[in-house]
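Me: Please introduce this structure to a newcomer through a short exchange of questions and answers.

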Amino acid sequence: MPAPYVHHKNGPGYIYTSYVFDTLIDHGANGDLTPGLAESWTLSDDGLVADLTLNDKARWHDGTPVTAEDVAFTFAYMTDHPYVLTSVAMVDTVEAISKDHARITLKRPYAGLQSGPLLSLPILPKHIYQDQPAPERFVDRKAATGSGPYKLVSYDKAQGRYLFERNDGYYRGTPKFRQVAIVKMAPDAALQAMAAGEVDVIGSLPWTKVEAAKKAGLNVLSARSNHPVRLVFNHQGMFREKDLRHALAFAIDRQALIDVVYQDGAVVAETGYFQMGSPWRRETADPDYAHDADKAAALFRQNGWERGDDGRWHRDGSPVVLRLIADKSFNNLATALADQLEAFGISVDLRILERAAQQEHVRTGDFDLALFTASTMGDPNGVARRVTSPMFWRGDRFQDSEAMKAAIRAQAGALDHAERLDQLHRFQALYAEELPAYMLVNPIWTTVHSDKVTPRYLGDGVAFGIPSALHKSMFLR
């Protein structure tokens, strides 16, 4: 169901829910910050207080006015019942000064307030959620009572189908379309249906089908996902040593991986975390660890590895065998990577695992290398979780650079944009040097659409960095 505590905990689940539930600040069609439920807002000079004036035309789908009490309730409720995709940990208090005036006081200056929780936290109706002690089990249709441009009419969990009807009283103007239906279809069937005028948007088309869409004369929109697939190292094992991380990076031919697995569906990823097109990326080139077998071999030898007459690498007298874990979505990439390392003389124990088994291998340190993907977009305060936190199992879990952690902390509290960029550029350079993980490939995502709609890939993704072109602005006038 497209409601905050029960939607699928991924990008599409959030996107569909955002059609029903509005946030305080929204994205404009070009990715800029624009009014949502808050028609205006100001920040104090010390960065500790945000005053928001709500749009007095905003209504919940049952006709009840949206007020500052709903805003205060949402932050308090999400403190007690954390929303998995957005944190409110930096918030001290939220007060309803008047019906349309909410005041947020922070525990400390937080540079990402606007592009973080104000942009991505769905505001809840107090009169519906206040009596719900376990929102993750609240699946009554009332749970999907939002303030957004569309109301939920029906959904079929088994079939993955949703039907939304426009909110004619929407405070930002009547939405373009009377209904929006979301259905699951195989790519070929979806392309045929679009050619027949029965489908208006294909949210994510496999790269293998892009040429067919172009030949059919359909509108094709492609962009780097900036959701790179990266090779994560076990920093508690042999790859605690930076030189060995560098050596392995030089041993891998990333373009060859793309040629084998993705062809036109990906580009070589940037090594400094932020990818091409990110507003946080510095333009200075980072080390790219271009494939160099001789440099890789020299670094391995400098760190005690020896190559036998059979071409296999040994360490401390024993053959080197690296355990690589991945899920089935990366089976082809993992196999191609293992083949490259085997050809270089490193044996690979490849394990394709289900999610629960992956988590257990990461928790116990029973791996040397892992393939994961995560967005590098959205407000950079997500960097701490994705790079240094030991709690995010798909993260880099890298704790060995105090300079990197200091830069991440400094950017979070830097209220001056230029100062924040300086700290983020410092982080980017350190990331490329330390190589907590090796960014391998940056997949290209494609959306196909009719002339009725204009989807857009936003430069920093939707909300907290979702690389989707399906932001709700395409449904608004």
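**Two helices and a core**

Me: How are helix 7 and helix 9 oriented to each other?
Reply: In this predicted model, local features need pLDDT of at least 70, side-chain atom pairs count only at pLDDT 80 or more, and totals for chains, interfaces and linings use all residues. Residues are numbered from 1 along each chain as its sequence is written, and side-chain values use heavy atoms, without hydrogens and water. The axes (lines fitted to C-alpha atoms over the stretch in contact, with angles from 0 to 180 degrees between N-to-C directions) of helix 7 (residues 242-251) and helix 9 (residues 293-302) come within 7 Å and cross at roughly 155°. Angles over 145 degrees count as roughly antiparallel, and therefore helix 7 and helix 9 are roughly antiparallel.

Me: How do the residues of the contact of helix 7 with helix 9 divide?
Reply: Contact means heavy atoms within 4.5 Å. Helix 7 contributes residues including Leu244 and Phe250, and helix 9 residues including Leu299 and Phe300. The residues of this contact divide into 9 nonpolar, 1 polar and 2 charged.

Me: Which helix gives the largest share of the largest nonpolar core?
Reply: A nonpolar core is a set of buried (under 20% relative accessible area, 1.4 Å probe, protein chains only) Ala, Val, Leu, Ile, Met, Phe, Trp, Tyr and Cys residues joined through side-chain atoms within 4.5 Å. The largest one has 63 residues, and Tyr19 and Phe75 are among those with the most contacts inside it. Its largest share, 7 residues, comes from helix 2 (residues 68-80).

How values were computed
Buried < 20%, exposed > 50% of the residue type's maximum accessible area, 1.4 Å probe, protein only. Helix = DSSP H or I, 4+ residues; strand = E, 2+ residues; numbered from the N terminus. Parallel < 35°, antiparallel > 145°, perpendicular 65-115°, else oblique. Nonpolar A, V, L, I, M, F, W, Y, C, P; charged D, E, K, R; others polar.
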